[in-house]
Amino acid sequence: MARLLRVDMTKKEVNFADVPEKYSLLGGRALTSQIVADEVPPACDPLGKFNKLVFAPGLLTGTNAPSSGRLSVGGKSPLTGGIKEANAGGITSQKLANLGIKAVIVEGKPADGGWSLLKITPDGAELLDAGDLAGKGTYEVTAICRERYGNKVGVITIGPAGEMCLSAAGVTNNDPDGNSSRYAGRGGLGAVMGSKRLKAIVVDSPKTFDAPVKDRERFRAAAKKFSDILLKHPVTGNGLPNFGTSILINVINEAGALPTRNFAFGRFGKAQEVSGEKLAETAVARGGKATHACHPGCVMRCSNVYPLPDGKVCAPIEYESDWALGPNLEIGDLDVVGRLNYICNDVGLDTIETGVTLGVLMEAGVIPFGDGEAAIKALEEVGRGTALGRIIGSGAAVAGKVFGVTRVPAVKGQGLPAYDPRACKGVGVTYATSPMGADHTSGYAVATNILKSGGYVDPLKPDGQVDLSRNLQIATAALDSTGLCLFVAFAVLDDPEALPAVVEMINAQYGTQLTLADVTELGKQILKTEREFNRLAGFTKEHDRLPEFFATEELPPHNTVFDIKGEELDQVYNF
Amino acid sequence: MTENDAREETGLEVEVRLFSGLEKFFPAAGLGKACLVQVPEGATGSDLIRQLNIPADQVFTMFVNGRHAAPEQVLQPGDRVALFPPIGGG
């Protein structure tokens, strides 16, 4: 019987509770967002005692469903001021599910300011003193915990940025090799964890794939079918395993949608130097890996292991990080990108937000564009807690205000990811309207605009983008509740048998009779819940807009602007 | 052969880039490097792909000047052509 684990940081107590009926068929994002909506006052201070931090495996997590080990982390975001679900790979989610834990809810705030570690094992849970871990980077914390509690444990932790409650701080956990690089990065949930003085959660479970399944035979058949679909699809079965996510650098660059020099251009002359092909070649030549699974049972294995010249290893360099710390800063050197990425992982920062923030600082002239060494030096200040370091750790919108910059690519305070909305308008609609702030994953219209997955909608025209984004946002909210990696969407969009196989797995596991229509309904319900939280937190439709420079500055090479009007954007939520 | 004859014979020149494994079919291009290729007047994307010895079923996306192009699109002098197999990420 699955349980909720409540962790009261005020009293330093842990309690297991039965799962209320209304949560029994929720998982991942559906569950974190519902708990946040039910228990967190929308107008509360994100860093105060009334906010909560919720960790939830997906509905299918902990079974042998392929690529199903994602972890959802939710709370009120200190970056956006709205609801947040950030999603990570890594090994911890499967362990939580195998311990029968449907969600961990961290609440309250200690009066004494002392640091704690939450240890979860098959025997129960306890809070331990973590004074000796405070101030340390995530790689060291993870190594210490693996030595102390066994090298198979999953370690969820924050770095110094989270301890300082900086609003671009993420929550990380480790991959099977102990790299603390699998981030629930976006929205500053690391700062929420820091505000509760929780330095780490160690999860020890001897099992990975044994979460309870009602009808094992039926489940096995559906999981096998879904696995075959993923392996047969050219993207999930071939492109992602061979080149990883950074394979996108070249195609987005050719499409003229690769944001370069803080969203001034859509193409970068040195794109090839930071491409997935180059990354794979260099990684292998240095004894690293071009393909790597972020959690056991993933068939797409899109991660990589990139050895750095200084002997450290950045595993992985993902497309978003690669772009944010590369082309966005006019840096065309993978070793510099890898170094910046490693520092973000260690100090505990979201790579996208950090890259966008450095871009704003370059726009302000604080650091020159293209100057990798200056960027590294500036980023190293975060861990030291200097004034500049704290500005960098507070995200693009704060940096823009401090330095008087108007070209700040952010929506609801969250920096834009790696696709320019003027040359990929569908994802621009998602950036503008997602309850999460500018988030590509919540409605990845790039698939249909540029990668021709799930049909084709011309990326440069406004027509059809609102409908595209709406449908993808609904489907994604549901998918984020299963624990499946979002990348299964490439197969789901193209193969009509894929989604039925997912529903079949859920039905076999839980003994339900869900239909495809129920999945769509779940997605809509999640979005409505999240949007209502944001409304009560003070958001209006005027917050569902892109910064004005996207409507006024033409983006080369296509020389287009973002021309989808406010009233059209408002139609995303007409369901 | 006069200069005019040469032009007639070679048609027009386009700038081709091959990515994500397609470069192995036409090694002269290299990965992602701009490569000038002569094609006959009136040549389409499909003709170009055939000329480069790339199996048609390997090409999933063709950009001409940064825009998706159908295989039957007729190439113009100076077009920037990029060819990709199926890829995804994010």
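What share of the contacts in chain A with a separation of 6 or more comes from residues 24 or more positions apart? The figure is 71%. Before going on, I should say that this is a predicted model.

Let me start with chain A as a whole. Chain A holds 23 helices and 17 strands. Along the principal axes, its C-alpha atoms fill a box of roughly 60 × 50 × 50 Å. Chain A has 575 residues, and 63% of them count as buried.

Chain B has 90 residues, of which 37% count as buried. Its elements are 2 helices and 5 strands, and along the sequence they run α-β-β-α-β-β-β. For chain B, contacts between residues at least 6 apart in sequence join residues at least 24 apart in 62% of cases.

Next, the core. The largest nonpolar core has 209 residues. Which of them touch the most other members? They are Ala103(A), Ala200(A), Phe226(A), Ile252(A), Met505(A) and Leu83(B). As background, nonpolar side chains in soluble globular proteins tend to be buried together. Take Phe226(A) from that list. Setting aside neighbours within four places in sequence, Phe226(A) contacts Ala65(A), Pro66(A), Ala498(A), Ala501(A), Val502(A) and Met505(A). Met505(A), then, is both a contact of Phe226(A) and another of the core members with the most partners.

Now two helices of chain A, beginning with helix 9, residues 276-285. Its buried residues are Gly276(A), Glu277(A), Leu279(A), Ala280(A) and Ala283(A). Viewed down the axis of helix 9, these buried residues fall within an arc of 165 degrees, so they line one face of the helix. The general background is that an α-helix has 3.6 residues a turn, so residues three or four places apart point the same way. What covers the buried residues of helix 9 includes three helices of chain A, namely helix 7 (234-243), helix 8 (248-254) and helix 11 (334-347), along with strand 13 (289-292) and strand 14 (303-307). Just past the end of helix 9, Gly287(A) has a positive phi of about 90 degrees.

Helix 13 of chain A covers residues 372-384, which is 13 residues. From first C-alpha to last it reaches 19 Å, close to the 18 Å expected at 1.5 Å a residue. Buried in helix 13 are Gly372(A), Ala375(A), Ala378(A), Leu379(A), Val382(A) and Gly383(A). The arc for these buried residues, seen down the axis of helix 13, is also within 165 degrees, so they line one face of the helix. Which residues are exposed on the other side of helix 13? Glu373(A), Lys377(A) and Arg384(A) are. The buried residues of helix 13 pack against helix 4 (160-163), helix 11, helix 12 (351-363) and helix 14 (387-392) of chain A. Just after helix 13, Gly385(A) takes a positive phi of about 70 degrees.

Helix 11 of chain A has now come up twice: among what covers the buried residues of helix 9, and again in the packing of helix 13.

On to the sheet in chain B. It is an open sheet of 5 strands in the order 2-1-5-3-4, with mixed pairing. At the edges are strand 2 (35-39) and strand 4 (67-68), each pairing on one side only. Strand 1 (residues 12-18) pairs with strand 5 (residues 80-84) in the parallel sense, over 4 bridges. Within strand 5, Arg80(B) is the residue opposite Glu15(B). Strand 5 also pairs with strand 3 (residues 61-64), this time in the antiparallel sense and over 4 bridges. There Thr61(B) has Phe84(B) as its bridge partner.

Strand 3 and strand 4 of chain B pair in the antiparallel sense over 2 bridges, with His68(B) as the bridge partner of Phe63(B). These two strands form a hairpin with 2 residues between them, and Asn65(B) in the turn has a positive phi of about 55 degrees.

Last, how the chains meet. How many residues of chain A are in contact with chain B? There are 31, touching 15 residues of chain B. Helix 7, helix 8 and helix 17 (446-449) of chain A each supply at least two residues of that side. The largest share, 5 residues, comes from helix 7. By class, the side of chain A that touches chain B has 18 nonpolar, 10 polar and 3 charged residues.

Conventions
Residues are numbered from 1 along each chain as its sequence is written. Chains are lettered from A and ligands numbered from 1 in the order in which they are written. This is a predicted model: local features need pLDDT of at least 70, side-chain atom pairs count only at pLDDT 80 or more; totals for chains, interfaces and linings use all residues. A residue is buried if 20 or more other C-beta atoms lie within 10 Å of its own, exposed if 12 or fewer, and partly exposed in between; C-beta atoms are placed from the backbone. The arc is that of the directions from the helix axis to the C-beta atoms. Two residues are in contact if their C-beta atoms, placed from the backbone, lie within 7 Å. A nonpolar core is a set of buried Ala, Val, Leu, Ile, Met, Phe, Trp, Tyr and Cys residues joined through C-beta atoms within 7 Å. Ala, Val, Leu, Ile, Met, Phe, Trp, Tyr, Cys and Pro count as nonpolar, Asp, Glu, Lys and Arg as charged, and the others, Gly among them, as polar. Two strands pair if DSSP finds at least two bridges between them. The expected span of a helix is 1.5 Å times one less than its number of residues.
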